[in-house]
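Trainee: I would like to work through this model step by step, with the reasoning set out for each answer. May we begin?

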Amino acid sequence: MINLLIDTTSWKKLISKTEVSKSLHQVSKWVKGNEVTLLCPAVLQEEWQKHREIELKVAKTSVIKAEKEVKLLGYMPGESQFQFALDLLQSQISVADELFQMSVAIATPNSVLSNSADRQLKQRPPFHNKKDSLKDCILILTTIEYLHEKGQKELFFLSDNHNDFAVKNDNGYQLNPDILSNHPDMSVKYFRTSTELIEHLIKERHLSSLKADIDKVQS
């Protein structure tokens, strides 16, 4: 089973503003097919509840803007067409909500709070570039502690916040080793984009492909 952590910013990017997100539905397929286990630290759940309303408003704004643009071109589509487009975009929030409900909820242990405070004081990663990284720190350390307690040593981590979490290597980026200082035996595979993550899991771990399903329907 693949353990997957997606940070708040990457969840927001999984919600497309212009079309149905294939990446979001690919993750949904894996979770529902018991190929991937989503991990959800309490800090992530709290952040998602704040941002989901923002994403709903962004989707509505996107459709309203598109409506104005096509009317300027002299095309007058029916109101139902725009409502359909809005419902389609906003339905992604429902998919994300469902995925959060299917995720493994993880409480924040006191050890992580003290470790995070110590890292912030000493400006250790993820505080090496800025001090306002407390939630990011709690997010990753809570997940690592949880997997350690469960005797599991591998995590797939999706976050475009490479400044806080990652360092460059020959292949692009990897998780900053200092973040794993308490658990050096833990393997965290870091990805900046959902495309990189999905391509890796399909190619290297042979997980099922949503594209393959679509191709079957179209053939």
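Mentor: We may, bearing in mind that the model is predicted. Strand 4 is a suitable start: this strand is mostly covered, with four of its five residues buried.

Trainee: In which order do the five strands of the open sheet stand?

Mentor: The sheet is open and its pairing is parallel. From one strand to the next, the twist averages 30°. The order of the five strands is 3-2-1-4-7.

Trainee: Which strands stand at the edges, each with a single partner strand?

Mentor: An edge strand has a single partner, so one side of it is left without a neighbour in the sheet. In the order 3-2-1-4-7, this applies to strand 3 (104-106) and strand 7.

Trainee: How many bridges join strand 1 to strand 4?

Mentor: Strand 1 covers residues 2-6 and strand 4 covers residues 154-158, and the two run parallel. Leu4 stands opposite Phe156, and Leu5 has Phe157 as its bridge partner. The number of bridges joining strand 1 to strand 4 is three.

Trainee: Over how many bridges do strand 4 and strand 7 pair?

Mentor: Here, too, the pairing is in the parallel sense. Glu154 of strand 4 has Ser187 in strand 7 as its bridge partner. Strand 4 and strand 7 pair over bridges numbering five.

Trainee: At about what angle does helix 8 run to strand 4?

Mentor: Helix 8 comprises residues 194-204. This helix lies across strand 1, strand 4 and strand 7. Relative to strand 4, helix 8 runs at about 145°.

Trainee: Is Phe100 buried or exposed?

Mentor: Phe100 lies in helix 4 (residues 79-102). Its relative accessibility is 6%. A residue under 20% counts as buried, so Phe100 is classed as buried.

Trainee: Which residues does Phe100 touch, not counting those up to four places away in sequence?

Mentor: One of them is Leu44, 56 residues apart from Phe100 along the chain. The C-alpha atoms of Phe100 and Leu44 are separated by 9.6 Å. With residues up to four places away in sequence left out, Phe100 touches Trp11, Cys40, Leu44, Gln45 and Trp48.

Trainee: Which residues of helix 2 are buried?

Mentor: Helix 2 spans residues 22-32, and Asn34, just after this helix, takes a positive phi of about 60°. Within helix 2, the buried residues are Ser23, Leu24, Gln26, Val27, Ser28, Trp30 and Val31.

Trainee: Which two residues does a cis peptide bond join?

Mentor: Most peptide bonds are trans. In this model, a cis bond with omega of about 10° involves Pro126, which lies in the loop between helix 5 (110-122) and helix 6. The two residues joined by the cis bond are Pro125 and Pro126.

Trainee: Is Gln123 buried, partly exposed or exposed?

Mentor: Gln123 is found in the loop between helix 5 and helix 6. Its phi is near 55°, a positive value in a residue other than glycine. With a relative accessible area of 45%, Gln123 falls between the 20% and 50% limits, so it is partly exposed.

Trainee: What is the relative accessible area of His206?

Mentor: His206 lies in the loop between helix 8 and helix 9 (210-218). This residue has a positive phi of about 60° although it is not a glycine. His206 is classed as exposed, with a relative accessible area of 65%.

Trainee: Which residues are the closest to the centre of the largest pocket?

Mentor: About 280 Å³ of space lies in this pocket, and 16 residues line it. The elements giving two or more residues to the lining are helix 1 (8-14), helix 3 (42-72) and helix 6 (134-149). By class, the lining has four nonpolar, five polar and seven charged residues. The closest to the centre are Thr8, Thr9, Glu47, Lys135 and Asp136.

Trainee: Which residues line the second largest pocket?

Mentor: Its volume is about 190 Å³. Strand 6 (172-175) and strand 7 (187-191) each supply at least two lining residues. The lining has three nonpolar, three polar and two charged residues. These lining residues are Asn169, Asn171, Gly172, Tyr173, Tyr190, Phe191, Arg192 and Glu196.

Definitions and conventions
Residues numbered from 1 in each chain as written. Predicted model: local features only at pLDDT ≥ 70, side-chain atom pairs only at ≥ 80, totals over all residues. Heavy atoms only, no water. 1 Å grid on protein atoms, 1.4 Å probe; cavity = no way out; pocket = protein on both sides within 12 Å on 5 of 7 lines; lining within 4 Å. Points joined across faces, edges and corners; volume = space filled by probe spheres on them. Nonpolar A, V, L, I, M, F, W, Y, C, P; charged D, E, K, R; others polar. Pairing = 2+ DSSP bridges. Axes fitted to C-alpha atoms, helices over the stretch in contact; angles between N-to-C directions. Contact = heavy atoms within 4.5 Å. Buried < 20%, exposed > 50% of the residue type's maximum accessible area, 1.4 Å probe, protein only.
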